Amino acid sequence: MMNDDFHVYDTTLRDGAQREGISYSVNDKLAVARLLDEFGVGFIEGGWPGALPKDTEFFARAREELSLVNAQLVAFGATRKAGVAVADDPQVQALLDSQAPVVTLVAKSDVRHVAEALRTTPEENLAMVRDTVAHLVGHGRRVFIDCEHFFDGYRNDPDYGVRLLVEAFEAGASVGVLCDTNGGMLPSRINAIVTDVLQRSGVRIGIHCQDDTGCAVANTIAAVEAGATHVQCTANGYGERTGNADLFVVVGNLETKLDMRVLPEGKLREMVRVSHALADIANLPADTHQPYVGISSFAHKAGLHASALKVNADLYNHMDPELVGNDMRVLVTEMAGRASVELKGRELGIDLSGDSAALGRVVDRVKELEATGWTFEAADASFELLMRDEINGERRRHFTVESWRTIVEQGPSGEVRSEATVKVHAGGERIISTGEGNGPVNALDNALRAGLTTAFPELAELELVDYKVRILEGVTGTDAVTRVLIGTTDGQDDWTTVGVHENVIAASWIALEDAVAYGLMKAGRHV
């Protein structure tokens, strides 16, 4: 059941959709709404029916296709136009036609915008708010007021916005949202203004912050600490320009730092899953350094940190990452000490605490390789293979490579073809296999797996899903050392391997070999 004492209000489907590069289909919007409801937000703003055909369709389909458990759907729109009776305004009628139980009305709270944008008088603007709120409430809708440009307007005239809030509440509104529309505020000013407005208006206050100063989350928290009981956010901070207050960071701070229970029980642990799923729908990469939900948000690199983590993980984590569905990670780099490697081994299911010699060999090997350009921070699969090689005292693989070659050819019509030949030994046999691909790396991948699939049929499930190349710093030109990271999936899990070489194809081959070897090990194949 929704917590009406404190509102978590999401506007990803309207304000978040204004981010450059995001274009939600109606099916996307329905999928986003389901995920937000699973996360436990109280209100989901679905868009502006009547103004945008896609949003009108969304509300029509939502009535048939959405069964929300935790959230109420909200329609966004404007007050009646100046000089138009509220009952005659088609956009106000569209809000009712959406059948959303809650309506959020945007209203001008800066007298400069009233005069220059609406081209009407301050008194007529107040009447527009009063009439529209009363009309919607009279039709059984709950109404929130978004006071656009409130903080900029407050600096110009600290009384007009308060008058608007009072008029709206006298007409039946239940929340007045103070909007930092231009995103130019800082936390101290937010706190002071919200405190003043609460005292002078006596109404329930909400907060909506843009991130143009990088303070949207901090400003939202400052407003809550001043007494706001309604926060408007977007998933992953999506939004116009630099974005909005990030739903997951705001909720994480409220729940874990201010000890406020703003989500239904158990929903906080869904944070990482929902954040990453919403990034997929938006067709944007998940931010690896996003607080709480980023894969690097509880990642530790320095050996000094790792030594303390080995004793007590709380010493270098601001909270238990499991509370938000995340994990602590130890990054193994040239900065790694024995504690880092031991912790990383434990994370990967390898206990090195009783084998100091192997532990030392792993540390030395990592430092030796990283001095020549290798990195294992983002390549756990290659690091695990390295660890097992050092524990065993030798390199063990399910296959050995005799040779490989690849050819790239451009035909008369300009089309480019890639072919590869791989010679390997597996299961006591010498195997020669060829493959084609849209590039030399893809051709090598296809040739290697085609040759090994008879002996290891599980390799047919493997797929190369990511490929990154970086020229290492300090060396330029075509003879520069390159580092390649390859992402692979078996349809259930993903892993990353690394290769470094002066030749980019050779670096890619090293990473491909590791990817296949790791996939076989993961499938339970023993050497």
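In this predicted model, strand 12 (residues 416-426) and strand 13 pair in the antiparallel sense, with 9 bridges between them. Within this region, H425 stands opposite R430 of strand 13. The two strands belong to an open sheet of 3 strands, ordered 11-12-13 and paired in antiparallel fashion. Strand 11 (400-410) and strand 13 (429-437) form the edges of the sheet; each has a single partner strand, so one side of each is left without a neighbour in the sheet. On average, and with direction ignored, neighbouring strands here are turned by 10° against each other.

Two helices accompany this sheet. Helix 16 lies across strand 11, strand 12 and strand 13, and runs at about 145° to strand 13. Helix 17 (residues 504-522) also packs on the sheet, where strand 11 and strand 12 are the strands it touches. The direction of helix 17 makes about 130° with that of strand 11.

A closer look at helix 16 is rewarding at R449, which lies within this helix (residues 440-452). Despite the charge one associates with arginine, what is the status of R449, buried or exposed? With a relative accessibility of 13%, R449 counts as buried, because the value falls under the 20% limit for that class. Setting aside neighbours within four places in sequence, R449 is in contact with L459, A460, L462 and V516.Helix 14 (residues 356-370) offers a simple case of helix geometry. Its 15 residues reach 21 Å from the first C-alpha to the last, close to the 21 Å expected at 1.5 Å a residue. The buried residues of helix 14 are A358, L359, G360, V362, V363, V366, L369 and E370.

Attention now turns to charged pairs. Side chains of opposite charge can pair when their charged atoms come close. The count of salt bridges in the model comes to 35, and three of these pairs are described here.

The first pair to consider is within a helix: the side chains of D196 and R200 meet in a salt bridge, at 3.1 Å from N to O. Both residues lie in helix 8 (residues 187-201), where they are 4 residues apart, about one turn of the helix. R200 is partly exposed, with a relative accessible area of 36%.

Helix 15 (residues 380-392) holds E384 and R388, which are 4 residues apart and therefore separated by about one helical turn. Their side chains meet in a salt bridge of 2.9 Å, N to O. How do the two partners stand with respect to burial? E384 counts as buried, at 7% relative accessibility, whereas R388 counts as partly exposed, at 31%. Elsewhere, R14, D15 and E45 are joined into one network by salt bridges that share partners.

A further salt bridge is formed by R241 and D212, with the closest N and O atoms 2.7 Å apart. This pair links distant parts of the chain, the two residues being 29 residues apart. R241 sits in the loop between strand 8 (230-233) and helix 10 (247-256), and D212 in the loop between strand 7 (205-209) and helix 9 (216-226). Both count as partly exposed: the relative accessibility of R241 is 46% and that of D212 is 32%.

Definitions and conventions: Residues numbered from 1 in each chain as written. Predicted model: local features only at pLDDT ≥ 70, side-chain atom pairs only at ≥ 80, totals over all residues. Heavy atoms only, no water. Buried < 20%, exposed > 50% of the residue type's maximum accessible area, 1.4 Å probe, protein only. Contact = heavy atoms within 4.5 Å. Expected span 1.5 Å × (residues − 1). Salt bridge = Lys/Arg side-chain N within 4 Å of Asp/Glu carboxyl O. Pairing = 2+ DSSP bridges. Axes fitted to C-alpha atoms, helices over the stretch in contact; angles between N-to-C directions.
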